Every structure is written in C-alpha cells, then in structure tokens.
Amino acid sequence: MKQKDVNTEDTFNEFITKVKPKLDIVETISQYVYLKKDGNNYIGKCPFHNDDSLSMKVIPSKNVFKCKDCGVGGDVLNFLVRIKKSTYRDIILGLVKEFEN
C-alpha cells in the first residue's frame, strides 16, 4: 500500500478497521515486554518509564494496557505508537503493508 493511497480520513479509518482486529494485544506487547499471566490478564514491566515492578497490566478482554505507575495506557495501536516512537498514521501504514504480505 502506498502512502498516497491513504488520502482521506474515511479511507484511513477503513484501514484501521481492517488492521486493528488482526492484532492480538498480548502477542504484540510481548514482542517488547515479558508478560506474566495474572488471572485473566497479564502484567509486566512498563517500557515507558524506569519500572522496577510489574506495574503494567494488559487486559485482553478489553484489548487495552495500562501502567498504574506512569498512567500510560490505551489499545494496541497506542502501544505501538509509543514503543516505536512513531505516528499513528505510520504505524497503520506499516501494519497494512505487513498484513498484505
């Protein structure tokens, strides 16, 4: 997918609708953080601050993560934007390319 293909907000939202359900939040975050099972959820060290404890919780049933210490949280796309220090648009475009292959 070329960047020029995503030229309207509607088209961009369509790509988000197609890509986001394909992302498993636990699988994605565990590529960057060791996650430990904690009941129905997972916990790990937050990569967004100097974390000495397991302060980040991943809640698969809600498809979200949240750090109780620094307050960072959101969905899988928010995590990728922060961890890769990228833009939402670039993350989506990269995922579209990845899923097309």
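This report walks through a predicted model of one protein chain, from its overall layout to a few residues worth a look.

## The overall layout

Let's start with the big picture. The chain holds 4 helices and 5 strands, and reading along the sequence gives the pattern α-α-β-β-β-β-β-α-α. In other words, the strands follow one another in the middle of the pattern, with two helices before them and two after.

The chain has 101 residues, and 37% of them are buried. If you take the contacts with a separation of 6 or more, 38% are between residues 24 or more positions apart.

## One salt bridge

How many salt bridges turn up in a search of the whole structure? The count is 1. The partners are D75 and K20, whose side chains meet at 2.6 Å, N to O. D75 sits in the loop between strand 5 (73-74) and helix 3, while K20 is in the loop between helix 1 (9-19) and helix 2, so the pair ties together parts that are 55 residues apart in sequence.

The two partners also have their own surroundings to compare. D75 counts as buried, because its relative accessibility is 14% and the cut-off for buried is under 20%. K20, at 27% relative accessibility, counts as partly exposed.

## Helix 3 and its two ends

D75 has another job on the list: it caps the N-terminal end of helix 3, with a side-chain oxygen 3.0 Å from the backbone nitrogen of L77. Helix 3 itself covers residues 76-83, and its buried residues are V76, L77, F79, L80 and V81.

What comes after helix 3? That would be K85, with a positive phi near 50 degrees. K85 is placed in the loop between helix 3 and helix 4, and it is exposed, with a relative accessible area of 78%.

N63 is another residue other than glycine with a positive phi, in this case near 60 degrees. You'll find N63 in the loop between strand 3 and strand 4 (64-67). With a relative accessibility of 27%, N63 counts as partly exposed.

## A buried charge: D51

Now for D51, in the loop between strand 2 (41-44) and strand 3 (56-59). D51 is buried but has no salt bridge. The nearest side chain of opposite charge belongs to K45, and that is 7.1 Å away. A salt bridge needs the charged atoms within 4 Å, so K45 does not make one with D51.

What does the side chain of D51 reach, then? One partner is the backbone nitrogen of S53, at 3.0 Å. The D51 side chain also makes a polar contact with the side chain of S55, at 2.6 Å. Leaving out residues up to four places away in sequence, D51 touches G44, K45, C46, M56 and D69.

## The largest pocket

Finally, have a look at the largest pocket, with a volume of about 170 Å³. Its lining is made up of K22, L23, D24, E27, T28, Q31, Y32, L80, K84, L95, E98 and F99. L80 in that lining is also one of the buried residues of helix 3.

Which helices each supply at least two residues of the lining? They are helix 2 (25-29) and helix 4 (88-100). Helix 4 gives the most, with 3 residues.

Key
Residues are numbered from 1 along each chain as its sequence is written. This is a predicted model: local features need pLDDT of at least 70, side-chain atom pairs count only at pLDDT 80 or more; totals for chains, interfaces and linings use all residues. Side-chain values use heavy atoms; hydrogens and water are left out. Buried means under 20% relative accessible area, exposed over 50%, partly exposed in between (1.4 Å probe, protein chains only). Lys and Arg count as positive and Asp and Glu as negative; His and the chain ends are not counted. A polar contact is a pair of N or O atoms within 3.5 Å; within protein, one must be able to donate a hydrogen and the other to accept it, and residues adjacent in sequence count only if both atoms are side-chain atoms. Contact means heavy atoms within 4.5 Å. On a 1 Å grid over the protein atoms alone, a cavity is a set of points where a 1.4 Å probe fits but cannot get out, and a pocket is an open set with protein on both sides within 12 Å along at least five of seven lines; lining residues have an atom within 4 Å of a point. Grid points are joined across faces, edges and corners, and a volume is the space filled by probe spheres set on the points.
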